[in-house]
Amino acid sequence: MGLAQSRRLAIFTAAILPATYFLFLLPIKSASALAAWSLESNGILQLRTSTGAKLKAFFQGPLPGKGPRVWIDFPGELIRPRTLLGNGPVKEVRLGKPKDGVTRLVFEFDASITLDPSALKLVGTSPDRWRLNFVGLPTSGLRRIAEGDLTLSSSLRRTSPRSIQPVKRKLKISGLPSVPRGRFRVVIDPGHGGPDSGAVGLGGIRETDLVLDISLQVAQLLEAKGVKVNLTRTSEVDLDLPPRVAIANRLGANAFISIHANASRTTTKRDVNGIETFYFTGYRGLRLATNIQEQVLKVSPGSPDRKVRQGRFFVIRRTTMPAALIETGFVTGSLDAPRLASNAHRRQLAIAIAKGILNYLKEVR
Ligand SMILES: [Zn+2]
């Protein structure tokens, strides 16, 4: 790339918020801050990112036989770099990983296109929204190219979601059962995130935040006990969510645990509370679910035992290893919701889930 020809675009941020919302407890690469993007047929690019993400945008003028190129760098990595075929003035769109920890969204324009970089501005319209008008781009034949759900968090904002700050201090592992170090691998799947934030409950608590915090703690506890752990996501947003099950299957893990919080369909029904764990099939799946349910009930006094049940959720149905899905309580329940919102209770839940998993691993080793 001719450096002289490439230049940084002006960036205007609507609001600067603390850069990292989630503190990572494990040395895991963060997922891409890019949650959704859409190049509209009027030549306007819209982006949704994680809140407060720092973006960089660049322009490169045409090279012989090639049109101009505009790219935007986001913190965090994609799981699946890819190229999308363009249309009209857009030759192709690429999502890549130019280096570790960076996601790059590239718009490659047709050789016939000229753009004036001084007219291009990436504008932050809210802490998680961005807009870039490709001024001067001929839009004839341009059809919308997009991935992810742009509308998502604006609708959530109306319910004033509350931020859950993950526990920062190191967790104590005394009292957890021991298994042979290095023998087992477990995949922890914090339910939802990305296009689907899951349930929103009393006081605006969001399932996606709660279960991510619990999952990160479970992972930390298990790692401290010598269990290899993989998380299907480590941040709030990730464009690449669908291959969760594929990741787990490829890793050949000993167990897959999806962590969720429940919601009653009618959010006014505050009297619905309780703990339930699902498995899809098999004795091992049943044992995994039973061990987890048992421990979680112990730290949730008064919350009804909704039992271990068979469920057909995609993540436990399509995984090839014993799999369980725990519902840690109702975000809509008058008993469960305030508990789930408390750091201390989520720590208890994490310890309980880790204990259940370790007990299961001891049983089957
Ligand atoms: Zn859920």
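Over residues 12-29 the pLDDT stays under 50, and for this stretch the model has 38 contacts beyond four places in sequence. A second such stretch covers residues 154-166, where the pLDDT is again below 50 and the model has 21 contacts beyond near neighbours in sequence. This is a predicted model, and where pLDDT is low, the predicted coordinates should not be read in detail. For the protein chain taken whole, the mean pLDDT comes out at 81, with 81% of the residues at 70 or more. Among the elements, helix α1 (residues 152-157) sits at the bottom with a mean pLDDT of 40, while helix α4 (residues 283-298) tops the list at 97.

Now to the sheet. It is open, has 6 strands and mixed pairing, and runs in the order β14-β13-β15-β18-β16-β17. The edges are held by β14 (228-231) and β17 (305-310); each has a single partner strand, so one side of each is left without a neighbour in the sheet. On average, and ignoring direction, neighbouring strands here are turned by 20° against each other. At the β14 edge, strand β13 (residues 185-190) runs parallel to β14 and is joined to it by 4 bridges. One of the partner pairs is arginine 185 with lysine 228 in β14.

Two helices that pack on this sheet are α2 and α3. Helix α2 touches β13, β14, β15 (255-262) and β18 (323-330), and its direction makes about 145° with that of β15. Helix α3 (residues 244-251) touches β13, β14 and β15, its direction making about 175° with that of β13.

Helix α7 (residues 343-364) brings in the helix-helix packing. Its axis and that of α2 (residues 207-224) come within 8 Å and cross at roughly 50°, so the two helices are oblique to each other. The crossing is right-handed. On the α2 side the contact includes Leu210, Ile214, Val218 and Leu221, and on the α7 side Leu349, Ala350, Ile353 and Ile357 are among the residues met. Sorted by type, the residues of this contact come to 11 nonpolar, 1 polar and 3 charged.

Helix α4 also packs against α7, at an angle of about 145° and with the axes 8 Å apart; this crossing, too, is right-handed. From α4 the contact draws on residues including Arg284, Arg287, Leu288 and Glu294, and from α7 on Leu349, Ile353, Lys355, Tyr360 and Glu363, among others. Here the split is 9 nonpolar, 4 polar and 6 charged. Leu349, Ile353 and Ile357 of α7 are listed in the contact with α2 and in the contact with α4.

Note on methods:
Residues are numbered from 1 along each chain as its sequence is written. This is a predicted model: local features need pLDDT of at least 70, side-chain atom pairs count only at pLDDT 80 or more; totals for chains, interfaces and linings use all residues. pLDDT is the predictor's confidence in each residue, from 0 to 100. Two residues are in contact if their C-beta atoms, placed from the backbone, lie within 7 Å. Axes are lines fitted to C-alpha atoms, for helices over the stretch in contact, and angles run from 0 to 180 degrees between N-to-C directions. Angles under 35 degrees count as roughly parallel, over 145 as roughly antiparallel, 65 to 115 as roughly perpendicular and the rest as oblique. A crossing is left-handed if the near helix is turned anticlockwise from the far one by less than a right angle, and right-handed if clockwise. Ala, Val, Leu, Ile, Met, Phe, Trp, Tyr, Cys and Pro count as nonpolar, Asp, Glu, Lys and Arg as charged, and the others, Gly among them, as polar. Two strands pair if DSSP finds at least two bridges between them.
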